[in-house]
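Me: I'd like to learn how to read a fold like this one, feature by feature. Can you walk me through it?

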Amino acid sequence: MDENISTVVFHPIISSIQKIALYETKSRFYLMGSNNTLTRFRVLKIDRMESKELVVVDDKREYTQDEIKDLVNMIDMGNRTRAGQRNNIGGVARIVSAFGIIGFVRFLEGYYIILVTKRRKVAVIGHHTIYKIEDTSMIYIPNDTIRVFHPDEQRYVKMFQSIDLSSNFYFSYSYDLTHTLQNNMTPPKHIKPDIFYTNAKDLNHTDNSDAEDAEDFFNIWAFKKNLNNSSTEKYVDYGIRSNPHRRFVWNSHLLKPVEKDLHRDWILYVTHGFIGQSNVSIFRKIYVCNYYCQKK
């Protein structure tokens, strides 16, 4: 490692999508995702004119609040009928607000999207917030005009909905619930010494095999190196996000149709188990007790 590097800092990546608005037109669903402060936005487009295939488009681009307003207005005007234009009837409707996408599922007809519509804060670990799912919404994607009905569809839907997703299902936008606290607090082992460069241009000479190894357990989101002009002291900041332990990702199968195609901020890993937190006062000192278990 370069002797001039004195400090290496790892920062957990906080998902920029913590609020979602679902808009509906005849041919598409639009999911507008944003952070809590409504300063960063992303957009998903879901085709509703496919009866059995799932077509989701993510442009991987970030939008500002003004750009999102302009986009919604453009979609609204572009989908108004002539009668709607005369009577000022909108061409797009906001049908639900949510806090994350659990996944997509298909039985005998088309796909459904499952959204977290209500959450509750149950614990805090350091700067990380843990939420419990309180309510969900399951929305059929294809438009009714192209829907191919199957007599047994509702039977399978009822079987799936018999799973109470408001009972002991948890998630976090920044903390990996599928690994232990010790694992999450440990610096990444797969970042090798030869990636600490003295010049930004040296990044062009990175060995691809090293980059692949580094992503085995952690996704390196950002690389930044600052040099203090008054001294030779340097520091390197890494934004990291751990890859989950698949055994404890309850919605792994529900995310499978889109996980490789969407920006990572859209992906919400849900864990089934129990999380509890309470404050205990001993001789006027407050101690935080955490209870956490996972179910396979």
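Me: Let's start with charged pairs. Which residue forms a salt bridge with Arg241, and how far apart are the closest N and O atoms?

Reply: The general idea is that side chains of opposite charge can pair when their charged atoms come close. Keep in mind that this is a predicted model. Here Arg241 pairs with Asp265, with the closest N and O atoms 2.8 Å apart. The two sit in distant parts of the chain, 24 residues apart: Arg241 belongs to strand 12 (residues 234–242), while Asp265 is in the loop between helix 6 (252–255) and strand 13 (271–282).

Me: Is Arg241 buried or exposed? And what about Asp265?

Reply: The cut-off for buried is under 20% relative accessible area. Arg241 comes out at 11%, so it's buried. Asp265 has 6%, so it's buried as well. Elsewhere, salt bridges with shared partners tie Arg40, Arg42 and Glu62 into one network.

Me: How many salt bridges does a search of the whole structure find?

Reply: Nine. One of them joins the side chains of Arg48 and Glu24, at 3.1 Å from N to O. Arg48 is in the loop between strand 4 and strand 5 and Glu24 is in strand 2, so this pair ties together parts 24 residues apart in sequence. Arg48 counts as buried because its relative accessibility is 6%, whereas Glu24, at 28%, counts as partly exposed. Then there's Glu134 with Lys132, where the closest N and O atoms are 3.2 Å apart. Glu134 is partly exposed at 25%, and Lys132 is buried at 10%.

Me: Arg147 caught my eye too. Where is its place, and what does its side chain make a polar contact with?

Reply: Look in the loop between strand 9 (128–140) and helix 3 (153–161). The side chain of Arg147 makes a polar contact with that of Glu109, at 2.7 Å. Arg147 has 18% relative accessibility, so it counts as buried. Leaving aside residues up to four places away in sequence, Arg147 touches Glu109, Tyr112, Tyr140, Glu153 and Gln154.

Me: On to sheets. In what order do the five strands of the open sheet come?

Reply: For a sheet, read the strand order, then the pairing, then the edges. The order is 5-4-3-2-6, with antiparallel pairing. Strand 5 (56–58) and strand 6 (93–98) are the edges, each pairing on one side only. From one strand to the next, the twist averages 20 degrees. Five bridges join strand 2 (residues 19–24) to strand 6, and Tyr23 stands opposite Arg94 in strand 6.

Me: Which helix lies across strand 2, strand 3 and strand 4?

Reply: That's helix 1 (residues 65–78), which runs at about 165 degrees to strand 3 (28–34).

Me: Last one: which residues have the most contacts inside the largest nonpolar core?

Reply: In soluble globular proteins, nonpolar side chains tend to be buried together. The largest core here has 25 residues, and those with the most contacts inside it are Leu31, Ile46, Ile101, Phe104, Ile113 and Leu115. Two or more residues each come from strand 2, strand 3, strand 4, strand 6, strand 7 (100–106) and strand 8 (111–125). Strand 8 gives the most, with three. Ile46 touches Leu31, Phe104 and Ile113, among others. Apart from this core lies another, of 18 residues, including Val105, Ile114, Tyr131 and Leu268.

How values were computed
Residues numbered from 1 in each chain as written. Predicted model: local features only at pLDDT ≥ 70, side-chain atom pairs only at ≥ 80, totals over all residues. Heavy atoms only, no water. Pairing = 2+ DSSP bridges. Helix = DSSP H or I, 4+ residues; strand = E, 2+ residues; numbered from the N terminus. Axes fitted to C-alpha atoms, helices over the stretch in contact; angles between N-to-C directions. Contact = heavy atoms within 4.5 Å. Buried < 20%, exposed > 50% of the residue type's maximum accessible area, 1.4 Å probe, protein only. Polar contact = N/O pair within 3.5 Å; in protein donor to acceptor, adjacent residues only side chain to side chain. Salt bridge = Lys/Arg side-chain N within 4 Å of Asp/Glu carboxyl O. Core = buried A, V, L, I, M, F, W, Y, C linked by side-chain atoms within 4.5 Å.
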